[in-house]
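User: Hey, got a minute to walk through a model with me? I'll throw questions at you as they come up.

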Amino acid sequence: MTAPQHHHDTLRWGVLGATSYIATHLMPAIAATDGCALSAVASRPERAAAAAEPGRRFGATVHRDYAALLADPGIDAVYIPLPNTDHVEWTLRALAAGKHVLVEKPMAMDEDGCARIEKAAEAASRTVMEAFMYRFHPQQRRAADILASGEIGELRLVRASFAFRIESGSGNIRLDPALGGGATWDVGCYAVDVPLLFFGQAPDRVRARFSTRPGLAVDTSAVATMDFGQGRSAVVDYSIDYGPRAAYELQGTHGTVMVRNAWAMGAEDGVVTVLTQDGVREETVPAADHYQLQVDAFARAVRDGVPAPMSLADSRRTARVGSALVASAAAGGAVVETSDDAPEPR
């Protein structure tokens with residue numbers, strides 16, 4: 001894919017779904033990004049009134065349903081934040097309609113779903129990217145730069161802990177097993193992504209233990225270990241029982257890098273702490289809107305005809321490891337193989 005893939009100066013976006021979270025974080029990010037316009041929104045028919053208000057605020061056309069938005073020839077790219085179980089279907093439908101797609105994590109809840117999307121994206125010559133907004137905050141780049149500089153030596157252990165509490169009975173879709181709910185496919189995606197990002201590969205094997213809050217039918221907390229071979233490991237925990245927490249540590253042979261709030265929002269500065277034999281140093285990373293940085297990175301990839309910064313191979317790996325954690329927990333914490341040379345899904 002080398003030729004730029006659309007010919008307008010402006011990438012015209014449509015958004016499928018209009019929760020208050022999307023209206024607060026994603027819609028403003030799209031509207032504020034150079035070379036992007038929020039042109040259309042759609043929601044389920046029963047939520048049409050809710051979608052209309054933010055749509056009008058941004059001067060977007062409000063479509064009666066998702067299919068009508070995809071049929072709009074004035075839309076180049078769509079953002080899909082629907083329930084987890086709908087991501088594959090609507091990504092495939094958007095690609096079939098000739099749209100570029102930024103889809104919320106998890107892109108798919110198994111590797112096979114990612115492979116189907118990859119094939120469809122190639123056939124349509126369109127860009128698809130999974131939305132891991134935290135990757136685009138400059139504090140993550142700073143942590144990676146410190147690691148690359150050799151200051152903390154070779155990376156041996158990644159610890160990642162991502163959690164926020166969701167109350168029982170709140171009606172939150174993350175508590176609904178029929179919609180792909182549970183901690184693993186929500187907050188767990190971030191915890192799992194951190195070691196994959198910094199080690200740059202899938203682990204060889206994983207094991208996990210899940211717990212479920214009484215009265216719920218989804219996993220609500222988990223602790224997992226990952227073995228990356230050559231004495232390199234990760235320990236992750238994630239939860240919708242406790243929080244908020246979005247912290248990780250990179251432990252090297254000669255020191256540690258700590259990021260205490262990987263979800264720094266809005267006007268909140270990032271803080272990166274470095275601990276070595278020489279002492280402790282705290283660096284402040286200026287506040288940034290990681291949603292807007294994500295939209296900008298995606299739009300540049302589309303415009304320049306280059307692969308998106310969160311690659312489809314990355315997404316397939318994340319889905320494979322997430323599925324393996326589910327399988328391990330179901331088998332009482334058994335070891336499940338996950339290495340990059342594990343067989344491709346049929």
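User: Let's start with Glu111. Which residue does Glu111 form a salt bridge with, and how far apart are the closest N and O atoms?

Analyst: This is a predicted model, so keep that in mind. Glu111 forms a salt bridge with Arg316, with 3.7 Å between the closest N and O atoms. The pair links distant parts of the chain: Glu111 sits in helix H5 (residues 111-124) and Arg316 in helix H9 (residues 312-330), 205 residues apart.

User: Is Glu111 buried or exposed? And Arg316, buried or exposed?

Analyst: Glu111 has a relative accessible area of 10%, so it counts as buried. Arg316 is buried as well, at 16%.

User: What about Arg320, what do the side chains of Arg320 and Glu111 meet in?

Analyst: Another salt bridge, at 3.3 Å from N to O. Arg320 is in helix H9 and Glu111 in helix H5, so to speak two distant parts of the chain, 209 residues apart. Arg320 and Glu111 are both buried.

User: Which residues are linked in that network of salt bridges?

Analyst: The network links Glu111, Glu118, Arg316 and Arg320.

User: How many salt bridges does the structure hold?

Analyst: There are 21 salt bridges in the structure. One that deserves a mention pairs Asp193 with Arg135, where the closest N and O atoms are 2.9 Å apart. Asp193 is in helix H7 (residues 187-199), while Arg135 is in the loop between E6 and helix H6 (138-148), and 58 residues separate them. Both Asp193 and Arg135 are buried.

User: Asp193 rings a bell. What does Thr318 touch, leaving out residues up to four places away in sequence?

Analyst: Asp193 is on that list, together with Phe132, Cys189, Val192, Leu196 and Met310. Thr318 itself lies in helix H9.

User: Buried or exposed, that Thr318?

Analyst: Thr318 counts as buried because its relative accessibility is 4%. A polar atom of the Thr318 side chain also lies 2.9 Å from the backbone oxygen of Asp314.

User: Switching topic: what's the strand order in the open sheet of six strands?

Analyst: The order is E3-E2-E1-E4-E5-E6, and the pairing is parallel. At the edges are strand E3 (61-63) and strand E6 (128-131), each pairing on one side only. On average, neighbouring strands of this sheet are turned by 25 degrees against each other, direction ignored.

User: How many bridges join E1 to E2?

Analyst: Six bridges join strand E1 (residues 11-16) to strand E2 (residues 36-42), and the two run parallel. For instance, Arg12 has Ala37 as its bridge partner in E2.

User: And which helix packs on the sheet, touching E1 and E2?

Analyst: That's helix H1 (residues 20-32), which also touches strand E4 (77-80). The direction of H1 makes about 140 degrees with that of E2.

User: OK, the hydrophobic side of things. Which residues have the most contacts inside the largest nonpolar core?

Analyst: Those are Trp13, Phe162, Met226, Tyr248 and Leu250, in a core of 79 residues. H7 gives the largest share of this core, nine residues. Apart from it lies another core of 24 residues, including Ile80, Trp90, Leu312 and Ala319.

User: Any backbone oddities? Which peptide bonds are cis?

Analyst: The bond from Lys105 to Pro106 is cis, with omega near -5 degrees. Pro106 is in the loop between strand E5 (100-104) and H5. A cis peptide bond also joins Gly243 and Pro244, with omega about 0 degrees. Pro244 is in the loop between strand E10 (232-239) and strand E11 (245-252).

User: And phi? What is the phi of Ser125 near, and of Gln230?

Analyst: Ser125 has phi near 50 degrees, and Gln230 has phi near 55 degrees. Most residues other than glycine have a negative phi. Ser125 is in the loop between H5 and E6, and Gln230 is in the loop between strand E9 (221-229) and E10.

User: Are Ser125 and Gln230 buried or exposed?

Analyst: Ser125 is partly exposed, at 37% relative accessible area. Gln230 counts as exposed because its relative accessibility is 69%.

Terms used
Residues numbered from 1 in each chain as written. Predicted model: local features only at pLDDT ≥ 70, side-chain atom pairs only at ≥ 80, totals over all residues. Heavy atoms only, no water. Pairing = 2+ DSSP bridges. Helix = DSSP H or I, 4+ residues; strand = E, 2+ residues; numbered from the N terminus. Axes fitted to C-alpha atoms, helices over the stretch in contact; angles between N-to-C directions. Contact = heavy atoms within 4.5 Å. Salt bridge = Lys/Arg side-chain N within 4 Å of Asp/Glu carboxyl O. Buried < 20%, exposed > 50% of the residue type's maximum accessible area, 1.4 Å probe, protein only. Core = buried A, V, L, I, M, F, W, Y, C linked by side-chain atoms within 4.5 Å. Polar contact = N/O pair within 3.5 Å; in protein donor to acceptor, adjacent residues only side chain to side chain.
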